[in-house]
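Got your viewer open? Let's take a walk through this protein together, from the whole fold down to a spot inside.

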Amino acid sequence: MAIGCWLLAYPLHANVTYHSPVDYKITLAGNFGEPRPNHFHGGLDIKTDNVEGKHIYAIGDGYVSRLTVGISGFGNAVYVTHPEGYTSIYCHLKRFSPKLERMVHRTGKHDEQIDLHFTPLDFPVSQGQLIAISGNTGHSTGPHLHLEIHDTRTWDMMDPLDFIAPYVNDSVAPQAHSFMACPVTGKGVFNGGSGKQTFGFTSNRLDEEFTAWGKVGFALWADDYMQGVYNHYGIRETILMVDGQEVFRANVGRIPVYSNRQVNSWGDYDHWLHHKTWYMRSYIPKGVTLPILQADENDGYVIFDEERPYQMLYILRDYTGNESRYEFTVRGVKTPIRSIQPINPINVRYDRLSMISLPGMQLIIPAGMVEEGLIIRPKVEPGKISPRYTFAQQACPLFGWVELSIAIPRGVDTSRLYIDSGGHDMGGVCQDGWITTRIRELGASYELKMKD
């Protein structure tokens, strides 16, 4: 039977419960949707007592559809496709079940990448069947099982807790550490200032009264916890209320893989680079299309246009419903807002193609690669073979790949030519006097170099 027919023979179920992948009490080293640079954490990191050798079981009926070694940082990994329309992935394994191990040995490859695909009839498995032994292979900082669940058709990332929650005990509520006020440039002020400001939560109710005027966004640094372990986790649900009305909600459930890099725009990426803490925005700039975010008609921004107190409330919940609340008051105080004009700005549009040309350089940014309001200030400096081009003075990750072309000087040997970015070979294709490559960071510098 073909794989497509096998899937179509069974409908998708809204409520599917699978079994635990291990035979002991589950504790987590990491949860689904935790913000990371350039991506969300795509699954659960299940502790294995910091040792290798734990038995790993299929969480549901299905078949082994794929087996990989050394692919995507997963190390040794097993993919099980389930008839309900989902695929579970078990990563960082030490070894596979004997039958699967024999398939690896038949390839004759050693210490190389292996990627094997199977039909539904090759390796059917039952719920609770042993499929592997836990390990520490791939991009792993210690022995554990990384478990992912994807929608088989769309490959959207799913929270495994939606399927195995009965096997995870959690009675500890999330905790907020501080909030960040983010006045919109030229449109808002907070506590008399136009820049970002952070304020710690010394209690669940702050006595200090803040002031604001105009358009202001807010962001939150918070973590979830579980009893008996030191780890901290991402927040499943974040709600911002203003005067009893919901203005923003984040519910970290299904995440399309193509949205992964938008984590840099939901979180304050520049702050993370400098301080290694994530302030997750409670507003949605245009161009950010994460389906886990919802906001009111003002996109979650708070409009302070009346001279009165505004009651702010954050509600945080984890998967099991443990809840915490944090309150503070912001008084609207009419304040002059100074218009700020950027020097030599280029506005990169979120909703249409942008073409940026400088002497000897062209950058093409399709629609959907940035959030609204991105202003860049390109800089050109002397280089050895070509000028060195920089587009932003701080880290500026894009949502996907864009096209950069640099003119090739006459007489240069194109067989050894490449585009360099701070010591990284970005490659490039030479054609009609130009070399072209793909980039996804505007804060880096780019120039031509020759391979040795």
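Start with the cartoon view and colour by secondary structure: you'll be looking at five helices and 35 strands. Keep in mind that this is a predicted model.

Now zoom out and take in the whole chain. The protein has a radius of gyration of 25 Å, and the globule rule gives 22 Å for 452 residues; those values are close, so the protein is as compact as a globular protein of that length. Turn the C-alpha trace around and check its extent along the principal axes, which is about 70 × 70 × 40 Å.

Next, switch on contacts. How much of the contact count with a separation of 6 or more comes from residues 24 or more positions apart? In this protein the share is 69%.

Time for the surface view. The protein exposes about 21,200 Å², and carbon and sulfur atoms supply 49% of that area. Hide the surface again and think about what it covered: 52% of the 452 residues count as buried.

Last stop, the inside. How many cavities of 30 Å³ or more does a search of the whole structure find? The search turns up two. Head for the largest cavity, which holds about 190 Å³ of space. Select N31, L161, D170, D224 and Y319: among the 18 residues lining this cavity, these are the closest to its centre. Then colour the whole lining by class, and you should find ten nonpolar residues, three polar ones and five charged ones.

Technical notes:
Residues are numbered from 1 along each chain as its sequence is written. This is a predicted model: local features need pLDDT of at least 70, side-chain atom pairs count only at pLDDT 80 or more; totals for chains, interfaces and linings use all residues. Side-chain values use heavy atoms; hydrogens and water are left out. On a 1 Å grid over the protein atoms alone, a cavity is a set of points where a 1.4 Å probe fits but cannot get out, and a pocket is an open set with protein on both sides within 12 Å along at least five of seven lines; lining residues have an atom within 4 Å of a point. Grid points are joined across faces, edges and corners, and a volume is the space filled by probe spheres set on the points. Ala, Val, Leu, Ile, Met, Phe, Trp, Tyr, Cys and Pro count as nonpolar, Asp, Glu, Lys and Arg as charged, and the others, Gly among them, as polar. Helices (H or I, at least four residues) and strands (E, at least two) are DSSP runs, numbered from the N terminus. The radius of gyration is taken over C-alpha atoms; the globule rule is 2.2 Å times the number of residues to the power 0.38. Buried means under 20% relative accessible area, exposed over 50%, partly exposed in between (1.4 Å probe, protein chains only). Contact means heavy atoms within 4.5 Å. Accessible areas come from the Shrake-Rupley method with a 1.4 Å probe; for residues, only the protein chains shown count as cover.
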